[in-house]
Amino acid sequence: MLMKLILVAGGGFISNFVIQIAAGVMIVRMVGGPGRRWLAQARLMGGVKTLSAVTFALLATFIVQLTIWAVIFEALGQFDDFETALYHSAVNFATLGYGDIVMQAPWRILGPLEAICGNLTLGIAVGALANALRVIQNTER
């Protein structure tokens, strides 16, 4: 059982970080390419387009990551329906920790592990937004 738990947790972590790192690379490239062109055309609207694109891309990756964890939880038989699994995943990922729904042992350790994953993912997101803001600021000079 321990090996299955490690494999499931590792699979969740690895899939989430592959998605987030790929998204981070695409976001940096987008900000350096189309983002710079948008900013060259119109500073204010270019900045709005750039930040909107980055924010939308980050939100899309969060939703994909939440869904991956929800699928894992449902596949493990922890929830009767996908909606509850997705809700539980979102609470874990955002580190809200309501405690209204708790998985059964030994799978409940996946909740805090998803929270750690969520924290690290949000850190990457902050870096991507900071990079976009830096590019916008540098084009205004």
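Helices, as the term is used here, are DSSP runs of H or I with at least four residues, numbered from the N terminus. On that basis the elements of the protein chain run α-α-α-α-α from the N terminus on, which amounts to 5 helices and 0 strands. The model is a predicted one.

The overall dimensions come first. Along its principal axes, the C-alpha trace of the protein chain spans about 55 × 25 × 20 Å. The accessible surface of the protein chain comes to about 7900 Å², and 69% of that surface belongs to carbon and sulfur atoms. Of the 141 residues in the protein chain, 38% are buried. Among contacts between residues at least 6 apart in sequence, 65% join residues at least 24 apart.

The packing of helices may be followed through α5, beginning with its partner α1. The axes of α1 and α5 are 10 Å apart and form an angle of about 5 degrees. Angles under 35 degrees count as roughly parallel, and α1 is therefore roughly parallel to α5. On the side of α1, the contact involves Leu-5, Val-8, Ala-9, Phe-13, Asn-16, Phe-17, Gln-20, Ile-27, Val-28 and Val-31. These residues meet a set in α5 that includes Leu-110, Leu-113, Ile-116, Cys-117, Leu-120 and Ile-124, as well as Ala-128, Ala-132 and Val-135. By class, the residues of the contact of α1 with α5 divide into 17 nonpolar, 4 polar and no charged.

Helix α5, residues 110–139, also packs against helix α4, residues 82–93. Here the angle is about 60 degrees and the axes are 7 Å apart, so α4 is oblique to α5. Helix α4 contributes His-88, Ser-89, Asn-92 and Phe-93 to the contact, while the residues from α5 are Gly-111, Glu-114, Ala-115, Cys-117, Gly-118, Asn-119 and Thr-121. The contact of α4 with α5 has 3 nonpolar, 7 polar and 1 charged residues.

The nonpolar interior is considered next. In soluble globular proteins, nonpolar side chains tend to be buried together. In this model the largest nonpolar core has 16 residues. Those with the most contacts inside this core are Val-8, Trp-69, Ile-72, Phe-73, Leu-76, Trp-107 and Leu-110. Two or more residues are given to the core by each of α1 (2–32), α3 (43–75) and α5, and the largest share, 5 residues, comes from α1. Leu-110 illustrates how these parts meet: beyond residues up to four places away in sequence, Leu-110 touches Leu-5, Val-8, Ala-9, Trp-69, Ile-72, Phe-73, Leu-76 and Met-103. A second, separate core of 12 residues includes Ile-27, Met-30, Ala-128 and Ala-132.

Phe-73 offers a view from helix α3, in which it lies. Phe-73 is buried because its relative accessible area is 0%. Apart from residues up to four places away in sequence, Phe-73 touches Gln-78, Phe-79, Ala-85, His-88, Ser-89, Asn-92, Met-103, Leu-110 and Glu-114. One of these partners, Ser-89, is placed in helix α4. With a relative accessibility of 0%, Ser-89 likewise counts as buried. Leaving aside neighbours within four places in sequence, Ser-89 is in contact with Leu-66, Trp-69, Ala-70, Phe-73 and Glu-114.

Ala-75 is also placed in helix α3, but Ala-75 is exposed, its relative accessible area being 67%. Ala-75 and Ala-85 are 10 residues apart along the chain, and their C-alpha atoms are separated by 9.8 Å.

The loop between α4 and α5 holds two further points of backbone geometry. Thr-95, found in this loop, has a phi near 55 degrees, a positive value in a residue other than glycine. Thr-95 counts as partly exposed because its relative accessibility is 41%. From C-alpha to C-alpha, Thr-95 and Phe-73 are 17 Å apart in space, with their positions 22 residues apart in sequence given as the separation. Pro-106 is found in the loop between α4 and α5 as well. A cis peptide bond joins Ala-105 and Pro-106, with omega at about 0 degrees.

Methods:
Residues are numbered from 1 along each chain as its sequence is written. This is a predicted model: local features need pLDDT of at least 70, side-chain atom pairs count only at pLDDT 80 or more; totals for chains, interfaces and linings use all residues. Side-chain values use heavy atoms; hydrogens and water are left out. Axes are lines fitted to C-alpha atoms, for helices over the stretch in contact, and angles run from 0 to 180 degrees between N-to-C directions. Angles under 35 degrees count as roughly parallel, over 145 as roughly antiparallel, 65 to 115 as roughly perpendicular and the rest as oblique. Contact means heavy atoms within 4.5 Å. Ala, Val, Leu, Ile, Met, Phe, Trp, Tyr, Cys and Pro count as nonpolar, Asp, Glu, Lys and Arg as charged, and the others, Gly among them, as polar. Buried means under 20% relative accessible area, exposed over 50%, partly exposed in between (1.4 Å probe, protein chains only). A nonpolar core is a set of buried Ala, Val, Leu, Ile, Met, Phe, Trp, Tyr and Cys residues joined through side-chain atoms within 4.5 Å. Accessible areas come from the Shrake-Rupley method with a 1.4 Å probe; for residues, only the protein chains shown count as cover.
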